[in-house]
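Reader: I would like a close look at one part of this model, a pair of strands and what lies around them. Please start from the pairing and work outwards.

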Amino acid sequence: MDTQLASLWNTAWQSLTDLAGSTAYASTVLQAFGSEQGVSPEDLEGLRQGLLAEGRLGLTLEEQAEGETLGWDPLTGVIRLEAALLAEGADPQLAQRRLVEEIGRAIDAQLNGGTGAWGQAGARTFANLLLGAATGEAAPSLSAPEAITLQDSSAQDSFTASSGSLLASDPESARLRYGLEGASATSQTVHGVVYDLSKAGAYGTLYLNSSTGQYRFQPRSDWQLNAQSSSGSDTFQLSVSDGASSTSTALVVNFSGSHEAPEQYVVIDDAAPVLTAEAQSLWEQALTNASQRLAELVSNPNRDALLNDVFGNAGTESATFEANKQALLDTISGL
């Protein structure tokens with residue numbers, strides 16, 4: 001390996017060993033090469049050790065000769081760069097980026113088998129994360145999703161979930177990752193879609209698959225929304241990243257409130273019941289005891305497990321069950 005190739009090679013591996021020793025290692029690798037099936041912790045640790053080892057994943061670097069395959073060769077482990085990238089006066093940053101992309105393809109194959117799962121898109125995202133945006137590289141685009149409207153009437157209404165997919169593209173065809181500002185990690189599966197991010201809002205909870213951009217808005221329970229008479233809107237900030245730059249947009253949820261018509265009752269006996277002093281005292285004590293027990297439930301660190309054990313989801317979609325459970329806890333907290 002000549003001096004120029006050796007310098008290029010050593011610089012690339014210094015970046016990789018720095019990554020392997022950093023706290024950003026797992027998130028960087030998973031953003032570029034994680035899959036729906038998941039990359040195991042053992043696979044991540046095996047790759048990390050390989051990046052730190054002298055063997056450098058069994059890869060070598062050469063200048064492409066006439067008739068030879070360009071890029072990473074999965075059969076031999078050789079990475080061949082075109083002569084134009086190595087010529088005098090060429091931009092060394094372009095050669096460095098191309099080399100890191102080809103190393104990324106080899107990493108993809110180690111984690112996901114075969115020749116990898118994400119191809120050039122994953123490799124470009126990996127280079128973006130490791131080296132930053134390339135000169136002149138444009139940020140990905142992200143279309144604003146259609147607003148969601150929850151219409152309340154004077155009747156007792158039912159509110160259904162809304163689903164969709166974020167529309168994004170990247171000029172450099174890098175692998176994209178989607179985000180939800182202020183979200184918490186979760187794992188909710190609805191109709192075969194796994195949502196790994198969620199954020200609760202005023203009128204419901206938004207779930208997002210950070211790999212595909214699929215989202216689902218689960219309204220709060222019918223009785224909670226029917227009880228609200230005032231109108232309003234809620235905004236969820238969404239983003240897409242190619243590893244170097246990102247673009248944001250908003251999903252708006254509009255709620256149109258209404259005063260519900262009063263329930264109708266048939267009066268059988270207009271004589272109001274009167275409790276004795278002793279009965280009234282017992283009734284008030286029962287209410288106090290019940291409120292204390294409910295307060296203890298809300299503050300119990302194992303409350304979610306207890307509620308799941310008692311009620312289960314009884315065939316209810318996971319996201320709906322979680323939303324109803326949260327609505328119950330919110331109501332109890334307000335007593």
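Reader: Which residue in β11 is the bridge partner of Leu197?

Author: The bridge partner of Leu197 in β11 is Leu208. This is a predicted model, and what follows should be read as a description of that prediction.

The pairing comes first. β10 and β11 run antiparallel and are joined by four bridges. The link between β10 and β11 is a hairpin of three residues. In general terms, strands of a sheet pair through backbone hydrogen bonds, in either a parallel or an antiparallel sense.

β10 covers residues 193-200, and Ser198 sits within this strand. Ser198 has a relative accessibility of 14%, so it counts as buried, the cut-off being under 20%. If neighbours within four places in sequence are set aside, Ser198 is in contact with Leu180, Ala183, Ser184, Thr186, Thr205, Leu206 and Tyr207. Of these partners, Thr205, Leu206 and Tyr207 belong to β11, which spans residues 204-208. Leu180, another partner of Ser198, falls in β8 (177-180).

β11 itself is mostly covered, with five of its five residues buried. β11 also pairs with β12 (residues 214-219): these two strands run antiparallel and share five bridges. Tyr207, already listed among the contacts of Ser198, has Arg216 of β12 as its bridge partner. β11 and β12 form a hairpin too, with five residues between the strands. In that hairpin Gly213 has a positive phi near 85°.

β8, the strand that contains Leu180, leads to another sheet. Four strands make up this open sheet in the order β5-β14-β13-β8, with mixed pairing. Its edge strands are β5 (148-151) and β8, each of which pairs on one side only. From one strand to the next the twist averages 20°. Within this sheet, β13 and β14 (residues 246-256) run antiparallel and are joined by ten bridges. One point on that pairing is Val240, which stands opposite Thr247 in β14.

Both β8 and β13 also meet a helix. The buried residues of α2 pack against β8 (177-180) and β13 (232-241), as well as against α1, α3 (41-52), α5 (92-112) and α6 (119-131). In α2 (residues 25-33), the buried residues are Tyr25, Thr28, Val29, Gln31, Ala32 and Phe33. Viewed down the axis of α2, these buried residues fall within an arc of 165°, so they line one face of the helix.

α2 in turn leads to the core. The largest nonpolar core holds 34 residues, and Ile79, Leu99, Ile103 and Phe126 have the most contacts inside it. At least two residues of this core come from each of α1, α2, α3, β3, α4 (83-86), α5 and α6. Another core, of 21 residues, lies apart from it and includes Ile148, Leu225, Leu238 and Leu251. As a general point, nonpolar side chains in soluble globular proteins tend to be buried together.

Leu99 gives a view of the larger core's surroundings: neighbours within four places in sequence aside, Leu99 is in contact with Leu8, Trp9, Ala12, Leu61, Ile79 and Leu81. Leu61, one of these contacts, stands opposite Ile79 in β3. β1 and β3 (residues 78-81) pair in the parallel sense over four bridges. They belong to an open sheet of three strands with mixed pairing, ordered β1-β3-β2. The edges of this sheet are β1 (60-63) and β2 (71-72), each pairing on one side only. α1 (residues 3-20) lies across β1 and β3, at about 140° to β1.

Some totals place these parts in context. The protein chain contains ten helices and 14 strands, and 36% of its 335 residues count as buried. Among contacts with a separation of 6 or more, 64% are between residues 24 or more positions apart. About 18,000 Å² of the protein chain is exposed, and carbon and sulfur atoms supply 51% of that area.

Conventions. Residues numbered from 1 in each chain as written. Predicted model: local features only at pLDDT ≥ 70, side-chain atom pairs only at ≥ 80, totals over all residues. Heavy atoms only, no water. Pairing = 2+ DSSP bridges. Contact = heavy atoms within 4.5 Å. Axes fitted to C-alpha atoms, helices over the stretch in contact; angles between N-to-C directions. Buried < 20%, exposed > 50% of the residue type's maximum accessible area, 1.4 Å probe, protein only. Arc of directions from axis to C-beta. Core = buried A, V, L, I, M, F, W, Y, C linked by side-chain atoms within 4.5 Å. Areas by Shrake-Rupley, 256 points an atom, 1.4 Å probe, with all protein chains shown as cover.
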